[in-house]
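User: Hi! I am new to reading protein models and would like a close look at one part of this one. Could you walk me through the place where its two parts meet?

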Amino acid sequence: MKKMKDSRTSSIVLHNGLIAVLALFWLIPIIWLVCTSFSAYSGMNTSTFFPKEWSIVNYQKLFHPDSVSQFPQWFLNTFIIACFTCVISTMFVLMVAYATSMMRFKMRKPLMNMAVILNLFPGMLAMIAVYFTLKSFNLTNSYVGLIMVYSASSGLGYLIAKGFFDTVPRALCEAARIDGCSEARIFFQIVLPMSRPIVVYTVISSFLVPWMDFVYAKMILNAGISSKYTVAIGLYKMLDKSLINSYFTQFCAGGVLVSIPISILFMIMQKFYVEGITGGAVKG
């Protein structure tokens, strides 16, 4: 018994030690980014890990726009796009998940299989087709076109939400139908209040897509007008060869500021987020 306990203790120590080492490697770039953002030097300095002189001037410069850096406007643009996308995508995902979980219709299984197969292909494969489709409707260089791209295929990511809805007692929905409730009323007044974790998970996931995306934003907002950039495009422009020596530490400061809203959102909603993932993985 003692040998078994010692072996189990050694296994736990090794396991935790490995996780600690991996966590350290994962944190090193983040620590470097934060430290560099407080550097008094404006360019890239790779000679030392920690800056020789500390300053908050980079954060101050971000909120004093110039011809290159218009961070407050970029942040506002991204926030507006993310909020609209979040609302539309969340409704699409939850409604598709409800339909495939609670309703029975002829093409249900084929449509579910088709959605899973389409999700196996990277969205980047459709970039050129998406761009020329938007261009034919004059929706390039517009936030409407970008929101449509982010939201249009969101319903394909219904699988985790469907798995959670499968855990909702079906007898409640049947009883509501017998009482004369419409599907919309069952969805909004019975199923959604019982599915708060998966709703939170879906909201966060939908918000993160436009908040962190660079590729589609760069492709669609290609007019070169700085005030219309999202945060990702604006920060990327600071890394241009002609600007990097003057704006690199501002780029790091912008990266830190962009991560703050997401970090706060995760900390507040962490409990529901984890419950949503684990609950949605039970069935599917």
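User: What distance separates the centres of domain 1 and domain 2, taken over C-alpha atoms?

Analyst: Happy to help! This is a predicted model, in which local features need pLDDT of at least 70 and side-chain atom pairs count only at pLDDT 80 or more, while totals for chains, interfaces and linings use all residues. Residues are numbered from 1 along each chain as its sequence is written, and side-chain values use heavy atoms, with hydrogens and water left out.

Now to your question: the two centres, taken over C-alpha atoms, lie 30 Å apart. Domain 1 covers residues 2-58 and domain 2 covers 65-283; these bounds come from an automatic or database domain assignment. Each domain brings eleven residues to the contact, where contact means heavy atoms within 4.5 Å.

Together the domains bury about 900 Å², with 72% of that on carbon and sulfur atoms. Buried area is the accessible area (1.4 Å probe) that two parts lose on being put together, summed over both. Five residue pairs, both residues at pLDDT 80 or more, are in polar contact across this interface. A polar contact is a pair of N or O atoms within 3.5 Å; within protein, one must be able to donate a hydrogen and the other to accept it, and residues adjacent in sequence count only if both atoms are side-chain atoms.

On the domain 1 side, helix α1 (residues 2-37) gives the most, with five residues. Helices here are DSSP runs (H or I, at least four residues), numbered from the N terminus. The residues on that side of domain 1 divide into five nonpolar, six polar and no charged. In this scheme Ala, Val, Leu, Ile, Met, Phe, Trp, Tyr, Cys and Pro count as nonpolar, Asp, Glu, Lys and Arg as charged, and the others, Gly among them, as polar.

One more spot to find is Leu243, in the loop between α12 (231-237) and α13 (244-280). Leu243 and Gly43 are 200 residues apart in sequence, yet 8.9 Å apart in space, C-alpha to C-alpha. Leaving aside neighbours within four places in sequence, Leu243 is in contact with Val68, Lys237 and Met238.

Key. Helices (H or I, at least four residues) and strands (E, at least two) are DSSP runs, numbered from the N terminus.
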